[in-house]
Amino acid sequence: MDGAGVYSFAMTEDIYDPNFVKGLFNEMSKTYGITNYISSFGFCERWRRQCIELAPLAPGMIVYDLMTGMGECWNLINQKLKNEGKLVALDISEVMCSQASRQREQVPALDVSLLNEDFLNNSLSDNSAHCVISSFGIKTFSDDQKVVVAEQIARILKPGGSFSLLEISVPKQPLLRPPYMTYLKYCIPLTGKLFMGNPDNYRMLGVYTERFKDCRLMKSLLEQAGLRVELKDLFFGCATALCGTKSK
Ligand SMILES: C[S@@+](CC[C@H](N)C(=O)[O-])C[C@H]1O[C@@H](n2cnc3c(N)ncnc32)[C@H](O)[C@@H]1O
């Protein structure tokens, strides 16, 4: 898929096809970090921190960072693990994974395994994680795929294990929604362009977010999968987070 064609391709193809999503992030990997940071005014970092705070991480745990991207959460996770435990990071994009492997330098003493896999078809074992984390990792799944994501999270968590998921969201407040969506649709692509990225790719993030809305559907799917779930609105609903546990 060539860079110029991603957005127009998206208008005719299934934007939830894992190969489409993979191509999008492969292409965005060079500019994703800086564009995300600048265009969110640093909020992405604050929200990642909140996502990690919502998980009861402790030294010795096995933690799965799903849709890990470039390993943006690794350092935050390790601040809780204190170099003791294991981090398993998974992402479908091989280019994001190769960028993530550079994060190993940030956490040299932590045991990290990086899996370049589609989470919808993953190799993770049943009942194997003390905690599952994912920041900004669920908006690119269709509603049907979210059912699989919820079932997989329930499957891989150990009994008594916990999870924390966070995603950028469309605020419910009518006054906030239009400026926020304008910002997602126009300002973020412009920022991407300033940093030499393809603005069409960043425009796609707005498309996914508009369709995703917020974590409420994901909450009920996780509950249907047997998990106990709590929803948190962050910064007037511009992001939503889900945290909870699997029963013992
Ligand atoms: C918006 S990025 C988030 C990255 C990172 N967690 C962060 O905090 O910025 C979403 C990531 O999810 C990955 N992803 C999307 N669909 C996936 C799938 N089916 N399986 C595994 N990873 C997937 C993408 O490749 C991308 O790196």
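## Exercises on strand β2 and its surroundings

Strand β2, spanning residues 86–91, is mostly covered, since 5 of its 6 residues are buried. The exercises below concern a predicted model, and they start from this strand.

**Exercise 1.** Determine which strand pairs with β2 over 5 bridges, and in which sense, parallel or antiparallel.

*Solution.* Begin with strand β1, which covers residues 62–66: β1 and β2 pair over 5 bridges, and the sense of the pairing is parallel. Next, take one position as a check on the register, namely Tyr64, whose bridge partner in β2 is Val88. Finally, trace the connection, in which the chain leaves β1, passes through helix α4 (residues 74–81) and arrives at β2, giving a β-α-β crossover that is right-handed.

**Exercise 2.** Establish how many bridges join β2 to strand β3, and describe the unit that the two strands make with helix α5.

*Solution.* Strand β3 consists of residues 111–116, and 6 bridges join it to β2, the two strands running parallel. Within this pairing, Ala89 has Leu114 of β3 as its bridge partner. Adding helix α5 (residues 94–100) to the two strands then completes a β-α-β unit, and this unit is right-handed.

**Exercise 3.** Describe the shell around the ligand by its closest residues, by the elements that supply it and by residue class.

*Solution.* The count comes to 21 residues surrounding the ligand, of which the closest are Phe25, Met67, Gly69, Ile92 and Ser93. Turning to the elements, both α2 (18–39) and β2 supply at least two residues of this shell, and α2 gives the most, with 3 residues. Sorted by class, the shell contains 11 nonpolar residues, 6 polar residues and 4 charged residues.

**Exercise 4.** Judge how compact the protein chain is, and why, and then describe its extent, burial and contacts.

*Solution.* The secondary structure of the chain comes to 9 helices and 7 strands. Its radius of gyration is 17 Å, which is close to the 18 Å that the globule rule gives for 248 residues, and the chain is therefore as compact as a globular protein of that length. As for extent, the C-alpha atoms fill a box of roughly 45 × 40 × 30 Å along the principal axes. Buried residues make up 45% of the 248 residues in the chain. To finish with the contacts, consider those with a separation of 6 or more: residues 24 or more positions apart account for 73% of them.

Methods:
Residues are numbered from 1 along each chain as its sequence is written. This is a predicted model: local features need pLDDT of at least 70, side-chain atom pairs count only at pLDDT 80 or more; totals for chains, interfaces and linings use all residues. A residue is buried if 20 or more other C-beta atoms lie within 10 Å of its own, exposed if 12 or fewer, and partly exposed in between; C-beta atoms are placed from the backbone. Helices (H or I, at least four residues) and strands (E, at least two) are DSSP runs, numbered from the N terminus. Two strands pair if DSSP finds at least two bridges between them. A crossover is right-handed if, with the strands pointing away from the viewer, the path from the first strand over the helix to the second runs clockwise. A residue is near a molecule or strand if its C-beta atom, placed from the backbone, lies within 6 Å of it. Ala, Val, Leu, Ile, Met, Phe, Trp, Tyr, Cys and Pro count as nonpolar, Asp, Glu, Lys and Arg as charged, and the others, Gly among them, as polar. The radius of gyration is taken over C-alpha atoms; the globule rule is 2.2 Å times the number of residues to the power 0.38. Two residues are in contact if their C-beta atoms, placed from the backbone, lie within 7 Å.
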